[in-house]
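Open the model in a viewer and keep the selection tool at hand. The stops below can be taken in order.

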Amino acid sequence: MRPLDPAALLAELTLEEKTSLLSGSGFWHTRAIDRLGIPSIMVSDGPHGLRKQPGPGDHVGSGESVPATCFPPAAALGSSFDADLVRRVGAAIGAEARAQGVAVVLGPGINIKRTPLCGRNFEYLSEDPLVSGVLGAALVAGIQSQGVGASLKHFAANNQETDRLRVSAVVDERTLREIYLAGFERVVRTAAPWTVMCSYNRINGVYASQDRWLLTEVLRDEWGFDGLVVSDWGAVDDPVAAVAAGLDLEMPSSQGAGPRRILEAVESGASSAAVVDLATERVLRLVGRALADNGPAGAPDDAGHHALAREVAGQCVVLLKNDGDLLPLAPGLGHVAVVGEFARSPRFQGAGSSKVTPTRVDDALRTLLARLGDGVQVDFAAGFGVDDPEADDAALLAGAVEAATGAEVVLAFLGLPASFESEGFDREHMDLPSQQLRVLDAVRAVNDRVVVVLANGSVVATAEWEDRADAILEGWLGGQAGGAAIVDVLVGDVNPSGRLAETIPLRLSDTPAFANFPGADSQVVYGERIFVGYRHYDLVDRPVSFPFGHGLSYTTFGYTELQVSVVDGSDASVDWRGAERMRVSVRVTNTGDRAGKEVVQLYVAALDTAPPRPVRELRGFEKVALDPGASVEVSFVLCDRDLSRWSTRAHGWVLDPGSFEVAVGASSRDIRLATTVAVEAPRTALPLDRSSTFGEWLDHPVGHDMLIEALRTGPGGDLTPLLADAETVKMLSSFPLTRLATMMGDAMGDALVDRLLGRLAARQSPDA
Ligand code: BGC
């Protein structure tokens with residue numbers, strides 16, 4: 001096909017044609033302009049498998065879609081902590097999209113899990129922006145390696161489903177930058193997605209779809225995004241404001257309404273033709289990218305992708321507890337009870353726009369029967385129904401007790417029914433259905449070797465019942481091969497290596513956003529600020545059921561030789577993260593008797609940053625595979641950004657020189673080795689203005705000397721002896737200089753401040 005030349009086409013398109021390109025055609029296509037040979041391209045959900053709808057479209061997951069491999073949803077993928085694995089998933093989804101003629105896959109979704117109650121947490125990766133960013137970038141890279149675009153979503157601060165089309169997330173600048181935007185920034189800068197999808201909600205009062213600061217200043221000007229911004233489906237409130245803010249494509253089609261309003265605005269002079277040109281050119285560029293010669297599309301490899309889905313699901317399973325090494329199941333078992341409808345009817349994905357029609361589905365029960373062979377008695381009892389999750393069924397319960405009685409081990413498959421979590425609404429609690437817990441109680445009463453296998457897309461509280469399980473496997477929603485993958489782990493064919501990308505708290509009232517979720521009157525205040533997930537539990541020193549990063553293995557790992565070398569930082573930037581500051585290495589050894597994988601986690605704390613500050617933040621992770629007795633050195637590079645915080649005053653990243661704790665471990669609460677190092681860096685000069693305080697002037701590299709000089713030579717004589725008294729300095733520090741006139745008379749006050757600011761400006765001007 002002839003390459004598409006956006007610049008040339010722009011010159012030929014009429015204004016009406018241009019505006020028509022800024023809204024979709026139907027549900028899943030861009031508009032074609034036949035006159036100029038501009039074809040339409042197709043986009044499809046979604047993040048964990050292709051949801052291509054050949055017929056009429058819908059974005060609530062009700063309509064038909066062509067069969068595609070259903071990979072583990074993001075909640076599971078996040079637990080893999082394995083970027084290479086996630087990239088392979090992306091590549092497989094990309095290949096299926098290409099084979100189906102889909103140009104852009106609408107994912108990944110990388111919103112932060114602000115609360116366990118978000119109904120869509122199963123579609124998101126983590127409570128931590130590094131995990132979300134690294135794995136999100138891997139998905140994008142994988143999808144795009146197939147010549148298919150990704151759509152990074154939902155940009156931004158879309159952390160709940162309640163009132164999602166209107167709610168305003170009230171978030172301070174630091175929290176946005178460090179938590180809610182950080183993952184997006186990493187993906188944009190490192191994986192260059194073809195498109196970014198703006199979210200439905202408002203941020204600090206402004207719809208994401210018409211937020212110029214977000215879509216243009218931050219996304220494009222700062223992060224260098226060069227792709228297209230598409231709206232979430234129906235997210236555009238005011239199409240004229242949206243295109244002016246940097247939104248390029250409204251989806252789905254607004255049946256001509258959006259283009260008409262934009263056209264009228266340009267014709268009346270209310271909007272500029274230039275913004276329409278810019279957006280049109282970006283639409284054309286996207287179409288051009290999709291049409292470019294991306295190599296031949298291979299036939300879909302259903303069997304290969306199913307095998308990959310099984311491998312991946314196995315890498316995402318988290319072994320939460322394993323008392324007495326009950327798992328893996330001992331060879332030679334003669335009698336196993338399998339309890340729980342989910343063993344037979346697996347719940348493997350969530351509801352809504354991401355729902356895939358799988359090519360096939362593996363259930364744990366049949367896989368287990370096949371794997372254990374005829375010599376083993378396997379008694380199955382459904383125990384409970386999943387259609388009416390709270391209804392007790394005495395006969396089902398009795399069946400579970402009967403199956404469990406006399407078995408050498410009980411495998412209880414529990415989890416959330418589909419109606420408990422979905423796109424479109426949030427959860428009301430974090431509990432398993434009480435009916436399932438009654439089944440657990442009943443089987444426990446007759447059998448003291450119980451393994452619980454969980455199927456859920458968002459965390460469930462375990463505190464109430466975990467003492468009734470010797471072992472717990474968190475299988476998440478494992479995709480179409482999740483049932484088989486669970487068996488791989490149960491029998492030890494796969495050694496579990498998933499780690500929690502989300503804390504499991506003791507109870508809902510412990511969670512960071514508890515007092516501020518889901519907000520009211522279309523407003524939700526992010527009052528917990530940067531203290532999301534483990535950052536909160538660690539700050540308030542609260543016990544949790546299972547901490548962020550936790551996950552057991554059938555083997556054990558030892559950590560030795562933590563080495564941190566501080567680099568002087570004067571070298572040029574390594575990449576977007578700035579100059580290199582530290583090199584960290586640690587030796588990890590498989591100290592057990594089985595091959596296994598460890599997720600080595602690097603946490604950093606800035607000890608000289610003003611409190612409240614995070615106790616530790618994940619700044620690196622690496623999954624390593626080790627045979628028994630083998631060891632490997634794992635190393636990390638930390639740059640300016642990894643040690644910095646966002647300063648609202650400076651509107652930028654600031655590195656506080658001083659001490660940093662560098663720690664490595666197997667979870668956020670299983671730190672194995674730690675050390676403290678000093679990092680020297682020039683203190684960032686915060687801008688001084690008329691409201692700056694005595695303390696801020698003293699801290700300023702240039703302002704400091706000017707202030708001292710003024711104090712020394714003031715009309716009332718030398719005031720610098722005051723500075724000898726630390727208490728006085730501390731007390732004065734919070735006073736704006738202008739207000740010190742009340743205490744120090746003419747030596748301070750407006751005239752002095754104006755003079756100092758003038759001199760400062762002169763010193764800092766480029767000609768000075
Ligand atoms: C969802 C998006 C999805 C779109 C298209 C929206 O409701 O929020 O994630 O990509 O529909 O189905």
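Which residues of helix α20 (residues 703-712) are buried? Select the helix in this predicted model and pick out Gly703, Met706, Leu707, Ala710 and Leu711, which are its buried residues. They lie on the same side of α20, because the arc they cover around the axis is only 135 degrees. An α-helix has 3.6 residues a turn, so residues three or four places apart point the same way. Add α19 (694-699) and α23 (750-764) to the selection: the buried residues of α20 pack against these two helices.

**The ligand**

Next, select the ligand and the residues around it. The shell holds 14 residues, and the closest are Asp45, Arg120, Lys153, His154 and Asp232. By class, the shell divides into 6 charged, 5 nonpolar and 3 polar residues. Now draw distances from ligand oxygen atoms to side-chain N or O atoms. For arginine 120 the value is 2.7 Å. For lysine 153 the distance from a ligand oxygen is 2.9 Å, and for arginine 164 it is 3.3 Å. On its own the ligand has 310 Å² of accessible area, and the protein covers 100% of it.

**Two cis peptide bonds**

Stay with Asp45, one of the closest residues to the ligand, and display the backbone that follows. Aspartate 45 and glycine 46 are joined by a cis peptide bond, with omega about 5 degrees. Glycine 46 belongs to the loop between β1 (43-44) and α3. Then go to methionine 251 and proline 252, where another cis peptide bond has an omega of about -15 degrees. Proline 252 sits in the loop between α9 (239-245) and α10 (257-267). Most residues other than glycine have a negative phi, and most peptide bonds are trans.

**Two positive phi values**

Select tryptophan 476, in the loop between β14 (471-474) and α17 (482-490). Its phi is near 55 degrees, a positive value in a residue other than glycine. Arginine 529, in the loop between β16 (523-525) and α18 (534-539), also is not a glycine and has a positive phi of about 55 degrees. Are these side chains buried or exposed? Tryptophan 476 counts as buried because its relative accessible area is 3%, under the 20% cut-off. Arginine 529, at 31%, is partly exposed.

**Serine 80**

Move to helix α3 (residues 74-80), which contains serine 80. What does the side chain of serine 80 reach? Measure to the backbone oxygen of leucine 77: the distance is 2.7 Å. Serine 80 is buried, since its relative accessibility is 0%. Beyond its neighbours within four places in sequence, serine 80 is in contact with Leu85, Val86, Gln315, Cys316, Val599 and Lys623.

**Histidine 335**

The last stop is histidine 335, in strand β10 (residues 335-339). Show aspartate 379 as well, as the two side chains make a polar contact at 2.8 Å. Histidine 335 has a relative accessible area of 14% and therefore counts as buried. Apart from neighbours within four places in sequence, the contacts of histidine 335 include Val376, Gln377 and Asp379. Also among them are Ala403, Thr405, Gly406, Ala407, Glu408 and Val409.

Key. Residues are numbered from 1 along each chain as its sequence is written. This is a predicted model: local features need pLDDT of at least 70, side-chain atom pairs count only at pLDDT 80 or more; totals for chains, interfaces and linings use all residues. Side-chain values use heavy atoms; hydrogens and water are left out. A residue is near a molecule or strand if one of its heavy atoms lies within 4 Å of it. A polar contact is a pair of N or O atoms within 3.5 Å; within protein, one must be able to donate a hydrogen and the other to accept it, and residues adjacent in sequence count only if both atoms are side-chain atoms. Accessible areas come from the Shrake-Rupley method with a 1.4 Å probe; for residues, only the protein chains shown count as cover. Ala, Val, Leu, Ile, Met, Phe, Trp, Tyr, Cys and Pro count as nonpolar, Asp, Glu, Lys and Arg as charged, and the others, Gly among them, as polar. Buried means under 20% relative accessible area, exposed over 50%, partly exposed in between (1.4 Å probe, protein chains only). Helices (H or I, at least four residues) and strands (E, at least two) are DSSP runs, numbered from the N terminus. The arc is that of the directions from the helix axis to the C-beta atoms. Contact means heavy atoms within 4.5 Å.
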